[in-house]
Amino acid sequence: MAENTYQWPDASKRKLIGKRMNRVDGPVKASGRAKYTYDLVRPNMLYGDSVKCPYAHARVKSIDTSAAEKMPGVKAVHVIHGPDDGAKGEVFWAGTDIVAVAAVDEPTARDAVRAIKVEYEQLPHLVLNDKEPNLAEAEKSELYKVASKETVGDPNSAFQQSEVTHEGYYGSPVITHCCLETHGSVAEWPDKDHLFLHISTQNVPGIGEQVAKAIDMPASNVHVHQDHVGGGFGSKLGLDPWGVAAAQLSKKAGGVPVKMMLNRATELETAGCRPSAYARVKVGAKKDGTLLAWESYAWGSGGPGAPGSLAIPYVWKVPNQQKQYVGVVNHIGPSRAWRAPNHPQMCVITMGALDDLAAKLGMDTFDFVKKNIDLLDPRSKIYSEELDVANDLMQWKARWHPRGDSDTLGIPMEAISLQIGDNQYPPDSASGGSSTIGGVSSATFRAATDAKRQLIAKVAPALNAQPADLEVADGRVRVASDASRSLSWKEACSKLGAQTLTVRGTNPGEGDLTNSGVGGVQMADVSVDTETGIVKINKMVAVQDCGLVISPKQAESQVLGAMIMGVSYALYEEKVMDQTTGTMLNTNMDNYRLAGIGDVGELVVRLMTGPGYDERGVIGIGEPPTVSPGAAISNAVANAIGVRVPFLPLTPDRVLEALEKAQGEGGRA
Amino acid sequence: MRAFEYASPKQKQQAVGLLGQQWGDAEVLAGGSDLLALMKDDIVHPKRLVNVKELPELRGITFNASRGLRIGSLMTLSEISEDAQVKEHHPMLAHAAGEAASPQIRNVATIGGNMCQRPRCWWFRNGFGLLATAPDGKSLVLQGDNRYHAILGNDGPAYFVSPSSLAPALIAYNARIRLFGPKGPREIPLEKFFVIPKSENEREHDLRPNEIVTDVIVPAPPSGVKASHYEVRQKAAFDWPYATASVVLDMNGDTVRSARVVMSHVAPIPWVSNEAAQALAGKTISEQTADAAGAAAVANAKSLGRNKYKIKLAHVAVKRAVLQAAKGGQA
């Protein structure tokens with residue numbers, strides 16, 4: 001082995017890689033001993049709270065904090081969004097922080113918030129988002145961002161050649177991240193130049209610099225600490241106004257700690273959402289299933305910055321395409337990266353349309369995908385292998401039935417469906433974008449390799465050998481050709497003397513240790529109660545590729561978590577807005593539903609490993625398995641009841657409406 | 001949460017003396033599972049909390065053949081669902097209590113509190129008032145997303161739904177509720193305890209600001225009675241039902257002598273359906289007669305715009321409760 005190369009060990013030489021190890025922080029988290037930022041109580045800590053704009057679109061005209069400042073127990077007041085901030089005090093969503101206060105306890109902070117007078121000028125707002133925009137009107141309005149039309153191949157003649165075409169609506173609404181630990185921080189100034197910040201973040205390495213920039217101080221003077229994060233899913237990568245406010249309040253209060261954590265309602269209303277994505281889709285194929293053409297008109301919303309265009313058809317390189325996208329501007333808390341940004345929505349639209357096309361062709365979707373597998377380039381081979389594995393785990397071929405032809409008479413209707421997903425992200429320093437395992441393990445591996453080399457160089461003289469002749473095995477450093485000449489790890493380390501080895505691994509770095517771009521296949525088996533429209537998950541299978549699997553148990557846990565999150569957005573989640581008041585209605589977890597343990601069914605995970613996968617190096621897995629569940633469940637429901645429920649979540653109202661519509665049209669129900 | 005005065009009396013006379021003349025002066029604290037959340041969200045802000053948990057006479061579950069079951073208002077849903085006498089004589093009630101909320105909530109939530117809990121209407125819970133009226137006087141419910149709102153008794157101005165899933169079971173068993181105020185005790189049919197408020201200052205219960213709930217009395221059902229409680233809800237556990245039906249069938253052989261059908265989560269009060277009861281009287285239970293009872297139960301239902309599907313769900317809840325009862329159900 002050359003001196004400076006880095007290479008994952010061969011399968012025969014792996015000791016810990018690929019072994020089922022327990023999560024180091026599992027016991028403290030499961031037993032409730034883990035302390036999150038939310039749990040912190042620092043000495044002399046003050047409690048922060050804020051005045052929030054009650055309107056979806058308004059202008060702050062004036063702020064009077066005098067009464068609050070005089071209240072006993074109120075230690076600091078800080079204006080976040082005054083008449084001169086932003087576009088002349090303009091506020092773009094309800095729940096925007098206007099003034100922050102810090103007080104000796106929570107009730108006093110609330111009283112101070114109530115004592116602050118803010119005068120607003122209300123402006124027109126739009127908070128609803130699911131209506132199809134008229135293209136001609138959208139092109140003339142500031143509330144719409146019309147993306148340029150995209151064409152691939154020759155869609156017109158491809159549709160003419162298509163022997164079977166299908167048109168349908170598909171989509172999913174705005175949902176939130178709903179982190180179990182809400183956003184927030186505890187800020188304190190040990191001296192006037194240094195900030196000590198406990199913060200709930202996915203971005204410990206980067207958040208300090210962001211705070212420093214916001215309050216104009218050297219980044220090196222910001223100390224950031226976090227033991228555990230209670231969920232982020234992409235919503236805790238950047239700095240929030242309340243995070244800056246906590247630091248400002250602490251400074252104004254003489255440096256004492258100020259705790260500023262969001263409550264559940266504010267978390268749901270303002271701390272991140274996933275944009276909606278809706279589409280009217282037309283697809284065409286030959287009678288034998290050869291997929292020829294795609295046409296879509298898509299739209300979506302997610303706050304004041306209209307979401308970017310959708311990369312649909314998702315994953316499939318359909319040879320002929322025509323696409324139009326309109327982003328809708330609305331006045332809701334802005335969208336943030338949500339575990340594989342846009343991918344689940346794109347997958348729901350694409351796989352819904354293709355599944356409906358397969359049904360119209362009278363084909364099993366499994367066969368339809370296999371027939372067109374080359375369009376899944378460059379991961380055709382991976383998907384094909386995964387489909388076969390998933391088939392075994394779900395007994396797909398033995399159990400599949402044509403749409404609506406449920407093997408159970410009456411209720412519940414049961415059906416299975418399959419789904420494919422894909423993901424590709426560059427490595428990043430924060431714990432987001434599925435980059436953690438790739439970013440951390442490669443750098444760690446490089447560091448460990450360097451440290452080993454340095455240690456060997458130090459102990460070689462003691463073993464009367466050259467460094468190149470030594471190896472580390474079974475807890476000993478030994479001469480490769482003569483195992484009797486060896487030192488225990490402890491003895492070897494003692495040769496280091498007083499000077500310890502400090503080695504820092506870098507990423508990206510030398511050696512092909514990481515990769516990106518993975519493929520996954522998921523299948524769902526559901527029951528639908530056709531009288532109540534209630535969908536139950538019986539079983540889901542996820543077959544996932546993530547390159548070299550370092551820790552199978554944790555990788556599988558990531559997939560399980562993604563599937564559970566997928567069940568939630570497929571069946572329950574929706575940010576419900578009220579157009580009259582401009583506010584969010586389901587600001588509580590009794591109406592913002594998430595799946596419970598009784599709702600997820602049997603979850604089966606199989607990671608693709610071994611030749612063809614391991615040599616790709618380490619690839620992130622946090623996001624990819626979240627992509628497919630919505631589409632898999634939606635397709636299973638369509639197969640069960642014989643009709644497509646166009647939009648997620650698959651709640652009783654939507655399922656019953658689809659069934660009724662099908663009955664009205666004389667279809668089977 | 002705003003500051004409040006806390007009192008923990010040892011006698012019920014003392015307790016009612018500490019309560020106010022007006023709503024808003026004071027609130028009764030039992031399990032606190034609803035009240036504390038309302039206070040934290042600043043939906044109610046009493047000046048005083050009167051803890052009744054130190055009143056021993058509000059505890060206990062006893063049964064005798066003549067009076068029936070007496071449940072002290074402080075008994076928790078867990079205690080009720082696990083009580084041997086309740087299970088023996090009123091199994092539908094044990095079932096309904098065991099299905100509500102989550103184990104943690106059932107361990108603290110009391111039957112008195114369950115009767116008095118406030119609506120889950122999302123405008124009410126977000127501070128827009130019990131009747132959810134916009135500043136221009138128009139109903140926010142009628143012009144907004146009313147997918148969870150009432151399909152019966154929804155002529156206004158109240159459109160929320162009664163949140164209790166115990167109340168329909170109790171009312172189907174002809175339960176009575178005992179209250180205590182400065183003038184002493186009073187006892188009314190539980191059915192009459194729930195009222196539809198006509199203005200923002202009224203509440204959803206026939207309870208005066210200075211009264212407390214002391215007991216719930218459930219008559220012993222005649223022998224041969226069949227009963228069942230059915231909830232249509234999306235999640236397996238810890239979820240608010242879309243519609244609930246409790247059915248008690250007094251049987252004469254295979255024929256229904258008389259029936260009680262009570263729905264919840266469909267109207268501002270637990271909804272007694274005489275139409276459904278009449279549809280069942282004199283009939284043997286089959287898929288058709290059960291379905292006809294369901295249809296009768298929602299014959300007068302109307303959609304507010306987004307909640308049409310709830311009409312179907314209430315229909316199904318009644319039908320399934322009837323079928324389940326006929327099969328032996330929870331009785």
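Where does Asn44(A) lie? Select Asn44(A) and have a look: this residue of the predicted model sits in the loop between α1 (26-30) and β1 (46-52) of chain A. Asn44(A) counts as exposed, with 64% relative accessibility. Next, show what touches it. Setting aside neighbours within four places in sequence, you should find Val256(A) and Pro257(A) in contact with Asn44(A). Now draw a distance from the C-alpha of Asn44(A) to that of Met589(A): the two atoms are 32 Å apart, with these positions 545 residues apart along the chain.

**Colour chain A by domain**

Give each domain of chain A its own colour. The assignment has domain 1 at 43-124 + 185-263, domain 2 at 273-424 + 517-664, and domain 3 at 434-511. Taken over C-alpha atoms, the centres of domain 1 and domain 2 of chain A are separated by 38 Å. Zoom in on where these two touch: twelve residues of domain 1 of chain A make contact with 13 residues of domain 2 of chain A.

**Salt bridges in chain A**

Side chains of opposite charge can pair when their charged atoms come close. Over all chains, the structure has 61 salt bridges, and a few are worth a stop.

Start with Asp49(A) and Lys52(A), whose closest N and O atoms are 3.7 Å apart. Asp49(A) is buried at 15% relative accessibility, while Lys52(A) is partly exposed at 26%.

Then pick Asp364(A) and Lys397(A), a salt bridge with its closest N and O atoms 2.8 Å apart. This pair links distant parts of the chain, 33 residues apart: Asp364(A) is in the loop between α9 (343-361) and α10 (365-371) of chain A, and Lys397(A) is in helix α12 (residues 396-399). Asp364(A) is buried, its relative accessible area being 4%, and Lys397(A) is partly exposed at 39%.

**Backbone oddities in chain A**

Switch to a backbone view. Most residues other than glycine have a negative phi, and most peptide bonds are trans. Here are some exceptions to click on.

- Ile312(A) to Pro313(A): the peptide bond is cis, with omega about -5°. Pro313(A) belongs to the loop between β17 (291-301) and β18 (320-328) of chain A.
- Asp377(A) to Pro378(A): another cis peptide bond, with omega near 10°. You will find Pro378(A) in the loop between α10 and α11 (380-394) of chain A.
- Asn342(A): phi is positive, about 75°, although the residue is not a glycine. Asn342(A) is in the loop between β18 and α9 of chain A, and counts as buried at 17% relative accessibility.

**Over to chain B**

Which residue does Arg2(B) meet in a salt bridge? Select Asp42(B): the N to O distance between the two side chains is 2.9 Å. Arg2(B) comes in the segment before β1 (5-7) and Asp42(B) in the loop between α2 (35-40) and β3 (48-51) of chain B, so the salt bridge ties together parts 40 residues apart in sequence. Both partners are partly exposed, Arg2(B) with a relative accessible area of 33% and Asp42(B) with 24%. Elsewhere on your list of charged side chains, salt bridges with shared partners join Arg67(B), Arg70(B), Arg176(B), Arg178(B), Glu187(B) and Asp215(B) into one network.

Go back to Asp42(B) for its backbone: phi is near 60°, a positive value in a residue other than glycine.

Now select helix α5 (residues 91-99) of chain B. Its buried residues are Pro91(B), Met92(B), Leu93(B), Ala94(B), Ala96(B) and Ala97(B). After α5(B) comes Ala101(B), with a positive phi near 45°.

Colour chain B by domain too: domain 1 covers 56-116 + 161-218 and domain 2 covers 225-326. Their C-alpha centres are 21 Å apart, and the contact takes 23 residues from domain 1 of chain B and 23 residues from domain 2 of chain B.

**Last stop: the cavities**

Rolling a probe the size of a water molecule over the atoms shows where empty space is left. How many cavities of 30 Å³ or more does a search of the whole structure find? The search finds seven. The largest cavity holds about 220 Å³ of space. To find it, select Asn591(A), Arg120(B), Tyr148(B), Val161(B) and Trp240(B), which are the nearest to its centre among 15 lining residues. Colour the lining of the largest cavity by class and you get nine nonpolar, three polar and three charged residues.

How values were computed:
Residues numbered from 1 in each chain as written. Chains lettered and ligands numbered in written order. Predicted model: local features only at pLDDT ≥ 70, side-chain atom pairs only at ≥ 80, totals over all residues. Heavy atoms only, no water. Salt bridge = Lys/Arg side-chain N within 4 Å of Asp/Glu carboxyl O. Buried < 20%, exposed > 50% of the residue type's maximum accessible area, 1.4 Å probe, protein only. Helix = DSSP H or I, 4+ residues; strand = E, 2+ residues; numbered from the N terminus. 1 Å grid on protein atoms, 1.4 Å probe; cavity = no way out; pocket = protein on both sides within 12 Å on 5 of 7 lines; lining within 4 Å. Points joined across faces, edges and corners; volume = space filled by probe spheres on them. Nonpolar A, V, L, I, M, F, W, Y, C, P; charged D, E, K, R; others polar. Domains from an automatic or database assignment. Contact = heavy atoms within 4.5 Å.
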